[in-house]
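Trainee: I would like to go through the labels attached to this model and hear, for each one, which value and which cut-off stand behind it. Could we start with the strands?

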Amino acid sequence: MQDTVLTMRGIYKSFPGVRALQNVDFTLCEGEIHALMGENGAGKSTLIKVLTGVYSKNAGEICIKGINKPHIKSPQEAQKLGISTVYQEITLCPNLTVAENLFIGRTNNLFVNWKKRNSRAECILQGLGIPAKPAQQLSSCSIAVQQMVAIARAVDMDCKVLILDEPTSSLDDQEVAKLFALMRELKSRGVGIVFVTHFLEQVYEVCDKITVLRNGELVGEYQIKDLPRVELVAKMMGKELGDLAEIHNKTQSNTNDSKEVIIETEGLSSTSGIKPFDFTAYKGEVTGFAGLLGSGRSECVRAIFGADKVTNGTLRIKGEHVNITTPIKAMKKGIGYLSEDRKRDGIIGDLSVRENIILALQVMRGFFKPFTKAQAQAFADEYISLLGIKTASADTPISSLSGGNQQKVILARWLLTHPNYLILDEPTRGIDIGTKVEIQKLVLKLASEGMSITFISSEIEEMLRTCSRLIVMRDLYVVGELKDEDMTQDKIMYTIAGGETQNVQKQ
Amino acid sequence: MSRNNNNLNSNRSALVLKELIRHRLFIPIAFLAFLLLINVFINPGFLGVSLGRDSSGNPVLIGNLINILNNAAELVILAIGMTLVTASSRGQDISVGATVAIAGGVIMRVLCGNETQPTELHAPIIVALLLGCLAGMACGAFNGILVSKFNIQPMVATLILFTAGRSIGSMAMGGLKPKAAAEFGYYGNFIPGFPIPTPILITIVVVAVTFLALKITNLSLYTRAVGINDKSSSLNGLNPALIKFLTFVILGLCVGIAGFVQASRVQTVNPYTIVPGIEMDVILAVALGGNSLSGGKFNMTGSIIGAYTIQTLTSMLTTLNVNTNAVPVFKAVIIIMLVVIQSPIVKSFLGNKFTVLKSTVGDGKERG
């Protein structure tokens, strides 16, 4: 059996008000690629930060190759112990050469023998099969090669544990293949690799073991062959898998035939990397995009709204072919989009609640037609009372409201534009239960009044409660569409794990 | 009973005081008032304004206050544009002094052609003004494109015209130093028979137009939205690049007007010495007005008060017979004090001292 290189036992870590990790164990062997899986907020990054000394743990112990080290206080200390991390964003210096990046900060010598250094760099790069020259400036390499250089640097520093945090999210398929070849090479040299990703396929391609975390707790450690995809999905989502035999027949009468089509996409794709998808939204219907984090749910709706640049495909609104290149065009065609990341893409922090509410409608109305203060106040008052927004006044800056109330303000902003088609991307994330239920009720009410709504949520129950049809996604592909009695947790998880892609079905 | 009443009264006055101190314009106004007070202390007749006659016998208003209002014209006009640029682009335009030289150069060339001492104007003054404004706006557009399209930091982008602008201004005048006919001087001095200095009138018009524009367009909302969060703004249908560009062009327009006033004061332009160091004064005016130099929300009134504050400070130092070369040092010292007082650290320190008062009054603010 392989030797254990890293053991973490009973790790606890809490932040004010949040228990990020509770009694988490993690074991890594030599020459093993170990996937660390979990949805948003599961504790993956916290665990890695504890391991690399960015955070100090509250309790628990870490053993590295037999040495008992109760505390790793800094990333430098972790590096000395042989723990290296390569992040999604390159943390090297793009303006230096490859060789300089390999050796920078590792010696205290005042004088440098560049010739010797470059030839040594050449050796390392060749040994790992990295297509880069030592004297090349790092920024002239592709992202994948830059990442490989970062890995080479870690390996050359004699690392025993290599942590790859979402290394593949900005790589294309060929680059991913190259990276995997490098990972296998390192594996054969006995390096233990922790691989964090949200791409299921990649996990099953290179990994030996999987550790699943959920809500800061350990779900379990599994051999890859013992854990079929669907069970992995179930474990990540925290749902027990019921009897899959109950799955109903797919043939269903199409109840949507009689309804008016609002949005219709055909082979739509965008610069975000989303694969071409077909999608139809009907009047008075709540549709949902289901899938794991990073599966392309948001990217689909962003393409419809013109938030990402559309590269291919067509979009029809009420049968009329439209070319949406910017959000304002989508807004004028009656589309509203409540974005996923409320803090970053939704609120305008220092502006008042009133200004945040009227913003979208005001922009649609035009630069030279500002609402009077009385009009704006009337809109704000109307929606503050309609949605029960708790704020001292309409003049309060939105940033001083609670998360749920901020979300209601953004919702008010889009309702005020009276869209035909409203996209709600994670409208209930990070807000309290009461507000969640209110928002769900509101969605159903709006749909019954004839609005077409797309509702995206990481919580399956919520989608099941609100949506009448689900588009299921995996790894940037649409892999299925579920409705009526097909809409069960089991069926969704089954589809996420193993459904055929839309493209394959067509061929 | 009477004690109760007393309590109520002191509470109410504490509340009023708190509201007053918390007002965004409190520190700028207080500082301007403080400076004026010092001036009155030094020279009791400081605030006096009298009607005199100039060399050609026309009635003119005379007084320190009039001088300050008059000389602050360029500063105020530029501060208006700079406030918008700061809010939208989260940075400052340091080329305004150099671009004033360009606008001034263009105006002189239009008025004087290739003569050094023309007896009459070569073109109507309105044409010169329009072309000067156009030159300023072209400079603003250049800066704006660098900032909004190429995402260059405003200070770096405007460094180009900061460096080259004064030479360009000289080239615009064909390397000559012409002096325009006396009637061009009306706009930087007095219109014969009208006692108020024309720059004050121009300032009033510019300020009025600014506030009108802020009222009848969405300039304020868009600028703030883009400055606070350009990602959210673009998802709400705004075009952040266009809005940043627009604010730079508006600043360019202000530059054109300022260049016109400045050129008219002595009817000539020396591009290498015109409005020396004004870019820093303008940025300081914006900062003194309580605006964050990292963009977002802005306070136009504050910037205008800030501009007058700086002019008051400058003329106070001149009145005190401080050596012209030493003026910047005194200015710097006073401004450091002011900026430190407005810094978040000091504010929170004073805020803590103030909590006793706050707790007796009670905080009306709720959190949702």
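Mentor: Two strands count as paired if DSSP finds at least two bridges between them. Please keep in mind throughout that this is a predicted model.

Trainee: What makes S16(A) and S17(A) a pair, and in which sense do they run?

Mentor: The count for S16(A) and S17(A) is 4 bridges, in the parallel sense, and the requirement is at least two, so the two strands qualify as paired. Within this pair, A:Gly336 stands opposite A:Leu422 of S17(A).

Trainee: How do you know that S17(A) and S18(A) pair, and which residue is the bridge partner of A:Asp425?

Mentor: There are 5 bridges between S17(A) and S18(A), again in the parallel sense, and at least two are needed, so this pair also meets the criterion. The bridge partner of A:Asp425 is A:Ile456 in S18(A). S18(A) is also joined by 4 bridges to strand S13 (residues 286-290) of chain A, and these two run parallel; here A:Thr287 stands opposite A:Thr454 of S18(A).

Trainee: What is the order of the strands in the open sheet, and why are S16 and S20 of chain A said to stand at the edges?

Mentor: The open sheet has 6 strands of chain A in the order S16-S17-S18-S13-S19-S20, with mixed pairing. Strand S16 (335-338) and strand S20 (477-483) each have a single partner strand, so one side of each is left without a neighbour in the sheet, and that is why they stand at the edges. From one strand to the next, the twist averages 15°.

Trainee: Why is S18(A) called largely enclosed by the rest of the structure?

Mentor: A residue is buried if 20 or more other C-beta atoms lie within 10 Å of its own, and 5 of the 5 residues of S18(A), residues 452-456, are buried, so the strand is largely enclosed. In a regular strand the side chains alternate between the two faces of the sheet. For S18(A), both faces are covered, with A:Ser452, A:Thr454 and A:Ile456 buried on one side and A:Ile453 and A:Phe455 buried on the other.

Trainee: Why does A:His418 count as exposed, and A:Asn215 as partly exposed?

Mentor: The cut-off for exposed is 12 or fewer neighbours, with partly exposed lying between that and the buried limit of 20 or more. A:His418 has 11 C-beta neighbours inside 10 Å and therefore counts as exposed, whereas A:Asn215 has 15 other C-beta atoms within 10 Å and is therefore partly exposed. A:His418 lies in the loop between helix H14 (403-416) and strand S17 (421-425) of chain A, and A:Asn215 in the loop between strand S9 (209-214) and strand S10 (217-223) of chain A. Phi is near 45° for A:His418, a positive value in a residue other than glycine, and near 50° for A:Asn215, likewise positive in a residue other than glycine.

Trainee: Why does A:Val437 count as partly exposed, and where is it found?

Mentor: A:Val437 is found in helix H15 (residues 433-448) of chain A. With 13 C-beta neighbours inside 10 Å, A:Val437 falls between the two limits and therefore counts as partly exposed.

Trainee: Turning to chain B, why are H4(B) and H9(B) called oblique to each other?

Mentor: Helix H4 (residues 73-89) of chain B and H9(B) pack at an angle of about 40°, with their axes 6 Å apart. Angles under 35 degrees count as roughly parallel, and roughly perpendicular runs from 65 to 115; about 40° fits neither class, so the pair is oblique. The contact is made by B:Leu84, B:Ala87 and B:Ser88 of H4(B) together with B:Thr223, B:Arg224, B:Val226 and B:Gly227 of H9(B), and by class it has 3 nonpolar, 3 polar and 1 charged residues.

Trainee: How many residues of chain B are in contact with chain A, and which helix gives the most to that side?

Mentor: Contact here requires C-beta atoms within 7 Å, and 22 residues of chain B are in contact with 30 residues of chain A. Helix H9 (219-228) and helix H10 (230-235) of chain B are the elements that give two or more residues to this side, and H10(B) gives the most, with 5 residues. By class, the side of chain B has 6 nonpolar, 10 polar and 6 charged residues.

Notes:
Residues are numbered from 1 along each chain as its sequence is written. Chains are lettered from A and ligands numbered from 1 in the order in which they are written. This is a predicted model: local features need pLDDT of at least 70, side-chain atom pairs count only at pLDDT 80 or more; totals for chains, interfaces and linings use all residues. Two residues are in contact if their C-beta atoms, placed from the backbone, lie within 7 Å. Ala, Val, Leu, Ile, Met, Phe, Trp, Tyr, Cys and Pro count as nonpolar, Asp, Glu, Lys and Arg as charged, and the others, Gly among them, as polar. Axes are lines fitted to C-alpha atoms, for helices over the stretch in contact, and angles run from 0 to 180 degrees between N-to-C directions. Angles under 35 degrees count as roughly parallel, over 145 as roughly antiparallel, 65 to 115 as roughly perpendicular and the rest as oblique.
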